[in-house]
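Follow the chain through its strands, then its helices, and finish with a few unusual points in the backbone. Keep the structure in view while reading.

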Amino acid sequence: MLLRIFTEPQQGARYAALLSVARAAEELGFDAFFRSDHYLTMAGSGLPGPTDAWITLAGLAVQTSRIRLGTLMSPVTFRLPGPLAIAVAQVDQMSGGRAELGLGTGWFDAEHTAYGIPFPPLAERFARLEEQLKIVTGLWETAEGDTFSFSGTHYSLSGSPALPKPVQRPRPPVLIGGAGQRQTPRLAASFADEYNIPFASIADSATAFDRVRQACQEAGRDPGSLVYSAAQTVCCGRDEAELARRAQATGQQLADLRQTGLAGSPAEIVDKLGQFADAGASRAYLQVLDLDDLGHLELLASEVMPQVTA
């Protein structure tokens, strides 16, 4: 199982902190650095304020060298599909081919209200998600010298030069996630390179993976052509005192984290990751909430990673 670091900068983080985490994750051998794409905190003050996901990743692209970079998930409400395709392709170029795009419907209505972003009903957001997936992948996959056009309900493009091109060909990996039972599996089967289930139990994760596999079969796609992954909050400690300190820094109770996330000793976390692997996950996104605690990453890298990636 590959381990990736996943951060929530809207809770309060300067770019310098994100850079420190990304560099530490790279040096310690984690496979990727991902961040959420939100403009409003969900707990606490959120100081010093939000940072834009793709501006952050552009900076990290030139200040890291190996680690993969992406979002879980960029809402379709935040950006038009043409400019989004340009931004991700540019980050892919700047990083030498390390960008990945997680794209979703968006769900946090308060951040839309706070920053004047329209927030249509869920059915329309799913329709926009499907059109954006068609447009972004279509722009990337259009041959150089050809043009791309699209006519949909929500977006229309005519004669686009479909530039710039990403380094990764035919395109950067696309991630689709969530626990939706109908639309999400269908879109994952149609467009995704990876399906991610966030913050779900092992049993619910296995069920979600099965739904996507079934959708692939119905679409005539090999279910094994997708990567299946899980995102979980992580809180690892060598003893109860260290665990309690790290749990307090997340704002959550240790008992709750043990029940709903990846919390405990390195051995406990290895065991639970093994259960996610048995459920079908080949990647785990470890959500770290205290960005100043680089010792947490060091512990995960030294005592968890070798046992799950061997």
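**Strands, helices and loops**

Strand 8 and strand 9 (residues 194-198) run parallel and are joined by three bridges. This is a predicted model. One pairing to look for is leucine 175, whose bridge partner in strand 9 is glutamate 194. Between these two strands the chain passes through helix 6 (residues 183-191), and the resulting β-α-β crossover is right-handed.

Strand 8 (residues 174-177) also pairs with strand 5 (residues 99-104); the two run parallel and are linked by two bridges. Here leucine 101 stands opposite valine 174 of strand 8. When looking along any of these strands, a general rule helps: in a regular strand the side chains alternate between the two faces of the sheet.

Helix 6, already met in the crossover, packs against helix 7 (residues 202-219) at an angle of about 55 degrees, with the axes 8 Å apart. The two helices are therefore oblique to each other. Their crossing is right-handed. On the helix 6 side, Pro185, Arg186, Ala188 and Ala189 take part in the contact, and they meet Arg211, Val212, Ala215, Cys216 and Ala219 of helix 7. Sorted by class, this contact has seven nonpolar residues, two charged ones and no polar ones.

Another pair to find is helix 1 (residues 15-28) and helix 11 (residues 294-309), which pack at an angle of about 20 degrees with their axes 10 Å apart. Because angles under 35 degrees count as roughly parallel, helix 1 is roughly parallel to helix 11. The crossing of these two helices is right-handed. Helix 1 contributes Ser20, Val21, Ala24, Ala25 and Leu28 to the contact, while helix 11 contributes Leu294, Leu297, Glu298, Ala301 and Met305. By class there are eight nonpolar residues, one polar and one charged in this contact.

The loops hold some details of the backbone. Where does proline 48 lie? Proline 48 is in the loop between strand 2 (32-35) and helix 2 (53-63). The peptide bond leading to proline 48 from leucine 47 is cis, with omega near 10 degrees.

A further loop, between strand 7 (156-160) and strand 8, contains proline 164. The bond from leucine 163 to proline 164 is cis, and its omega is near 0 degrees. Alanine 162 also has its place in the loop between strand 7 and strand 8. Its phi is near 55 degrees, which is a positive value in a residue other than glycine.

Definitions and conventions. Residues are numbered from 1 along each chain as its sequence is written. This is a predicted model: local features need pLDDT of at least 70, side-chain atom pairs count only at pLDDT 80 or more; totals for chains, interfaces and linings use all residues. Side-chain values use heavy atoms; hydrogens and water are left out. Two strands pair if DSSP finds at least two bridges between them. Helices (H or I, at least four residues) and strands (E, at least two) are DSSP runs, numbered from the N terminus. A crossover is right-handed if, with the strands pointing away from the viewer, the path from the first strand over the helix to the second runs clockwise. Axes are lines fitted to C-alpha atoms, for helices over the stretch in contact, and angles run from 0 to 180 degrees between N-to-C directions. Angles under 35 degrees count as roughly parallel, over 145 as roughly antiparallel, 65 to 115 as roughly perpendicular and the rest as oblique. A crossing is left-handed if the near helix is turned anticlockwise from the far one by less than a right angle, and right-handed if clockwise. Contact means heavy atoms within 4.5 Å. Ala, Val, Leu, Ile, Met, Phe, Trp, Tyr, Cys and Pro count as nonpolar, Asp, Glu, Lys and Arg as charged, and the others, Gly among them, as polar.
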